[in-house]
Amino acid sequence: MRIRIVDAFAERAFSGNPAGVVLLDSFPDDGWMQNVAMEVNHAETAFAHPLPEGGDADWALRWFTPVTEVAMCGHATLATAHVLHTTGAHAGPVRFASRSGVLVATPGGEGMITLDFPTAPLSRVDVPDGVAEALGAEPVAGFDTGPDVGDLLLELADEKTVLGLFPDHKALAAYSTRGIIATARAEDPAKGYDYVSRCFFPNVGIDEDPVTGSAHTALAPHWAGRLGEPDLTGLQASRRTGLVRTSLRGDRVLLAGRAVTVIDGELLTP
C-alpha cells in the first residue's frame, strides 16, 4: 500500500507540520496502525478508508501519534484531504467520519483547503500552581479547551515571551490531558498574522508540535473575542512555523491552509 508524508499548513516543502497518510480499504488492527505511526515518528499519522455511498460521511478517518490515538487532529486531516484531491481518490468537498464527529474539508483555489471543525468550548480557569515555572513565563490568563482538544490554553504577555519559551516538557505533562497552548497577540499585524502560538504536548509524545490545527479551534474563539474580528490568521512559531487562517462561525471554526506532498512511497509491512 502507499504511504505519503505531507507537510500541512505549509507554503513549501520542509515547513508546516508533517503527517503520514495511509489510505486503506478498511481499518486493520489498532496495534498495526500504532506501529506504523511509531515508525513514521511524526506528530500524527492519519489512516482513512472510503465509506459506502449515501451516508453522512465519505471517508472514515483516525489519527495516531507515535504513542497513542487522538480524538482530533487538524494538520493530518488537511494532509489526508490533500492526498485525496491530488491523487484523484476524491473530488470536491470530503466528509470525514471521526471521533470528533463529521469533519468537512473543502478544496479551494491555489491549493487552499478549508477544514470545518467544532469550536472548542473555552472556559476560564485559575492558572495552576507550578505552570509558570514549568513553562518559563508567567501567564496572563488560563483557559480549559474542553474534552476534544484537551489542552490548557495560556495567554502570555506578548509575542516575544511566546517566542522565547524553553519549557520543562516533563513538568508540563501534569497540567492537562494533552498539553499546553501558549499564545499572545501579534506584535505587528502588518507581518501577516494576528496572534502567535506554540504548542507543547508531552502527554502524547510530542514535546513541541510544529503546527496544530486542533489548537486553533480554541485559539480562534479566544482571539476573535479579544480582537473583535471573526476572521484572523495565526502564526504557530515552531522551528518549522506555519500559518493557519481561522474563521469563527459560532459553534464551528474554519481552518484554512495549504499542503505539500514530500514523500510518496510503498509501505511493505502488511
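## Rings, charges and cysteines

Let's start with a little knot of aromatics: Trp32, Phe47 and Phe64 are joined into a cluster by ring pairs. Keep in mind while you look around that this is a predicted model.

### The aromatic pairs

How many aromatic pairs does the structure hold? There are three. One of them brings together Phe47 and Phe64, which meet edge-to-face, with 5.7 Å from centre to centre and 85 degrees between the planes. This pair ties together distant parts of the chain, 17 residues apart: Phe47 belongs to strand 3 (residues 44-50), while Phe64 belongs to strand 4 (residues 59-64). Are these two rings buried or exposed? Phe47 counts as buried, at 0% relative accessibility, and Phe64 counts as buried too, at 3%.

Now for Tyr195 and Trp223. Their ring centres are 6.1 Å apart and their planes are at 15 degrees, so this pair is stacked; the cut-off for stacking is an angle under 30 degrees. Here too, distant parts of the chain are linked: Tyr195 sits in strand 13 (residues 195-201) and Trp223 in helix 6 (residues 216-227), 28 residues apart. Tyr195 is buried, with 0% relative accessibility, and Trp223 is buried as well, with a relative accessible area of 0%.

### Arginines over rings

Which residues lie over the face of a ring? Arg62 does, over Phe27, and so does Arg178, over Phe201. Here are the distances to the ring centre:

| Arginine | Ring | Distance to ring centre |
|---|---|---|
| Arg62 | Phe27 | 5.3 Å |
| Arg178 | Phe201 | 4.0 Å |

### The cysteines

What about disulfides? A search of the whole structure turns up zero of them. Cys73, for one, takes part in no disulfide, and the nearest cysteine sulfur, which belongs to Cys199, is 11 Å away.

Why is Cys199 not bonded to Cys73? A disulfide is a covalent bond between the sulfur atoms of two cysteines. To count as one, the two sulfur atoms have to be within 2.5 Å. The sulfur of Cys199 has its closest cysteine sulfur in Cys73, 11 Å off, and that is too far for a bond.

Both cysteines can also be placed by their accessibility. Cys73 counts as buried because its relative accessibility is 3%, and the cut-off for buried is under 20%. Cys199, at 0% relative accessibility, is buried as well.

How values were computed:
Residues numbered from 1 in each chain as written. Predicted model: local features only at pLDDT ≥ 70, side-chain atom pairs only at ≥ 80, totals over all residues. Heavy atoms only, no water. Buried < 20%, exposed > 50% of the residue type's maximum accessible area, 1.4 Å probe, protein only. Phe/Tyr/Trp six-rings, centres within 6.5 Å; stacked < 30°, edge-to-face > 60°. Helix = DSSP H or I, 4+ residues; strand = E, 2+ residues; numbered from the N terminus. Lys NZ or Arg CZ within 6 Å of the ring centre and 35° of its normal.
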